[in-house]
Amino acid sequence: MSIDFNHPLVGRAVVYTGWHPNAMAEQGTVTSVNVAANLVFVRYGLGSTSAATEADDRLTFLDGSPVVLEDR
């Protein structure tokens, strides 16, 4: 399980929508990816660090398409 800082998704803008009905969507930038663990590391807002975020149906690109991790 290695973190890939050169994955094609790095630098892409994404939106995370929490499961709670009143949750506000958060926009961020992908900083790295761990395909084996199905994790996308995202820097949300003006944060100085990235948060590990599962690549599931709550994480999408700005156009609404899902973030899907594939081995390169």
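Which residues does Tyr44 touch, not counting residues up to four places away in sequence? Here are some notes on this predicted model, beginning with that residue.

1. **Tyr44 and its surroundings.** Tyr44 belongs to strand E3. Setting aside residues up to four places away in sequence, it touches Tyr16, Glu26, Gln27, Gly28, Ala51, Thr53 and Leu59. With Thr53 there is also a polar contact between the two side chains, at 2.9 Å. Tyr44 counts as buried because its relative accessibility is 16%, and the cut-off for that class is under 20%. If you want a distance to check in your viewer, the C-alpha atoms of Tyr44 and Ala13 are 9.7 Å apart, with the two positions 31 residues apart in sequence numbering.

2. **The nonpolar core.** The largest nonpolar core has 13 residues, and those with the most contacts inside it are Leu9, Val14, Val30, Val40, Leu59, Val67 and Leu69. At least two residues of this core come from each of strand E1 (13-16), strand E2 (26-34), strand E3 (39-44) and strand E5 (59-61). Strand E3 gives the most, with three residues. As background, nonpolar side chains in soluble globular proteins tend to be buried together.

3. **Val67 as a way into the core.** Val67 is a handy residue to select if you would like to look around here. Leaving aside its neighbours within four places in sequence, Val67 is in contact with Leu9, Val14, Val40, Ala55, Leu59, Thr60 and Phe61. Among them, Leu9, Val14, Val40 and Leu59 also appear in the list of core residues with the most contacts.

4. **Thr29 on strand E2.** Thr29 lies in strand E2. Is Thr29 buried or partly exposed? Its relative accessibility is 34%, so it counts as partly exposed. The C-alpha atoms of Thr29 and Ala13 are separated by 4.6 Å, although the two residues are 16 apart along the chain. Beyond residues up to four places away in sequence, Thr29 touches Gly11, Arg12, Phe41, Val42 and Arg43.

5. **Charges and rings.** The structure holds one salt bridge. In it, the side chains of Arg58 and Asp56 meet at 3.0 Å, N to O. In general, side chains of opposite charge can pair when their charged atoms come close. Arg58 is partly exposed, since its relative accessible area is 26%. A second arginine to look at is Arg12, whose charged end sits over the ring of Phe61, 3.9 Å from the ring centre. As for aromatic pairs, the structure holds zero.

6. **Asp4 before the first strand.** Asp4 is placed in the segment before E1. Which backbone nitrogen lies 2.8 Å from a polar atom of the Asp4 side chain? That is the backbone nitrogen of Asn6. The Asp4 side chain also reaches the backbone nitrogen of His7, at 3.1 Å. Asp4 is buried, because its relative accessible area is 18%.

7. **A backbone angle to check.** Asn38 has a positive phi of about 60 degrees, although it is not a glycine. You will find Asn38 in the loop between E2 and E3. With a relative accessible area of 29%, Asn38 is partly exposed.

Terms used: Residues numbered from 1 in each chain as written. Predicted model: local features only at pLDDT ≥ 70, side-chain atom pairs only at ≥ 80, totals over all residues. Heavy atoms only, no water. Core = buried A, V, L, I, M, F, W, Y, C linked by side-chain atoms within 4.5 Å. Buried < 20%, exposed > 50% of the residue type's maximum accessible area, 1.4 Å probe, protein only. Helix = DSSP H or I, 4+ residues; strand = E, 2+ residues; numbered from the N terminus. Contact = heavy atoms within 4.5 Å. Polar contact = N/O pair within 3.5 Å; in protein donor to acceptor, adjacent residues only side chain to side chain. Phe/Tyr/Trp six-rings, centres within 6.5 Å; stacked < 30°, edge-to-face > 60°. Lys NZ or Arg CZ within 6 Å of the ring centre and 35° of its normal. Salt bridge = Lys/Arg side-chain N within 4 Å of Asp/Glu carboxyl O.
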